[in-house]
Amino acid sequence: MADRYLTVAQVAELLGTTERFPRRLVAERRITFVKVGRHVRIPETALSAFIDSNTVQPIGHRRGSLRRVA
């Protein structure tokens, strides 16, 4: 068991959001979480997977793809 379990506050800090956002992710079952009694913990690997799956890669610049204005 090498995975670290983070609190909602720690996840919010890592994401740069308020605690409401990770709580909403948990409520909507959009991220893996563990219930320890009444406490919610989010595995670091689940947070990494969430970030990876929601990362948008930039589109490479294609020559001639932009229209020129007369």
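Select first the buried residues of α1 (8-15), which pack against β1, α2, β3 and α3. They are V8, V11 and A12, where buried stands for under 20% relative accessible area, exposed for over 50%, and partly exposed for what lies in between, with a 1.4 Å probe and protein chains only. Around the axis these residues cover an arc of only 100°, which puts them on the same side of α1; the arc is taken over the directions from the helix axis to the C-beta atoms. Turning to the other side of α1, one finds E13 and L14 exposed. Packing and contact are used here for heavy atoms within 4.5 Å, and helices (H or I, at least four residues) and strands (E, at least two) are DSSP runs numbered from the N terminus.

The model on screen is predicted, so that local features need pLDDT of at least 70 and side-chain atom pairs count only at pLDDT 80 or more, while totals for chains, interfaces and linings use all residues. Residues are numbered from 1 along each chain as its sequence is written, and side-chain values use heavy atoms, with hydrogens and water left out.

Now show the whole protein chain as a cartoon. The chain holds three helices and three strands, and from the N terminus the elements follow one another as β-α-α-β-β-α. Of its 70 residues, 20% count as buried. Among contacts between residues at least 6 apart in sequence, 45% join residues at least 24 apart.

Move along the chain from α1. Just after this helix, G16 takes a positive phi of about 75°. Next comes α2 (20-27), in which the buried residues are P22, L25 and V26. Here too the arc around the axis is only 100°, which puts these residues on the same side of α2. The cover over them includes α1, β3 and α3, whereas R20 and A27 are exposed on the other side of the helix.

Select R29, in the loop between α2 and β2. R29 has a positive phi of about 55° although it is not a glycine, and with a relative accessibility of 60% it counts as exposed.

The strands come next. Three of them form an open sheet in the order β1-β3-β2, with antiparallel pairing; two strands are taken to pair if DSSP finds at least two bridges between them. β1 and β2 (34-36) stand at the edges with a single partner strand each, so one side of each is left without a neighbour in the sheet. α3 packs on the sheet, where it touches β1 and β3, and its direction makes about 65° with that of β3; the axes are lines fitted to C-alpha atoms, for helices over the stretch in contact, and angles run from 0 to 180 degrees between N-to-C directions.

Zoom in on the two pairings. β1 and β3 are joined over two bridges in the antiparallel sense, and L6 stands opposite I42 in β3. Between β2 and β3, which also run antiparallel, there are three bridges, and V34 stands opposite R41 in β3. The hairpin of β2 and β3 has two residues between the strands, and in it G37 takes a positive phi near 65°.

Go on to helix α3 (residues 44-53), where A46, L47 and F50 are buried. Seen down the axis of α3, these buried residues fall within an arc of 100°, so they line one face of the helix. They pack against β1 (5-6), α1, α2 and β3 (39-43), while the face turned away from them carries the exposed residues T45 and D52.

Finish with side chains as sticks: L6, V8, V11, L25, V26, I31, V40, I42, A46, L47 and F50, 11 residues in all, make up the largest nonpolar core. Such a core is a set of buried Ala, Val, Leu, Ile, Met, Phe, Trp, Tyr and Cys residues joined through side-chain atoms within 4.5 Å. At least two residues of this core are supplied by each of α1, α2, β3 and α3, and α3 gives the most, with three. Centre the view on I31, which, leaving aside its neighbours within four places in sequence, is in contact with L25, V26, I42, A46, L47 and F50.
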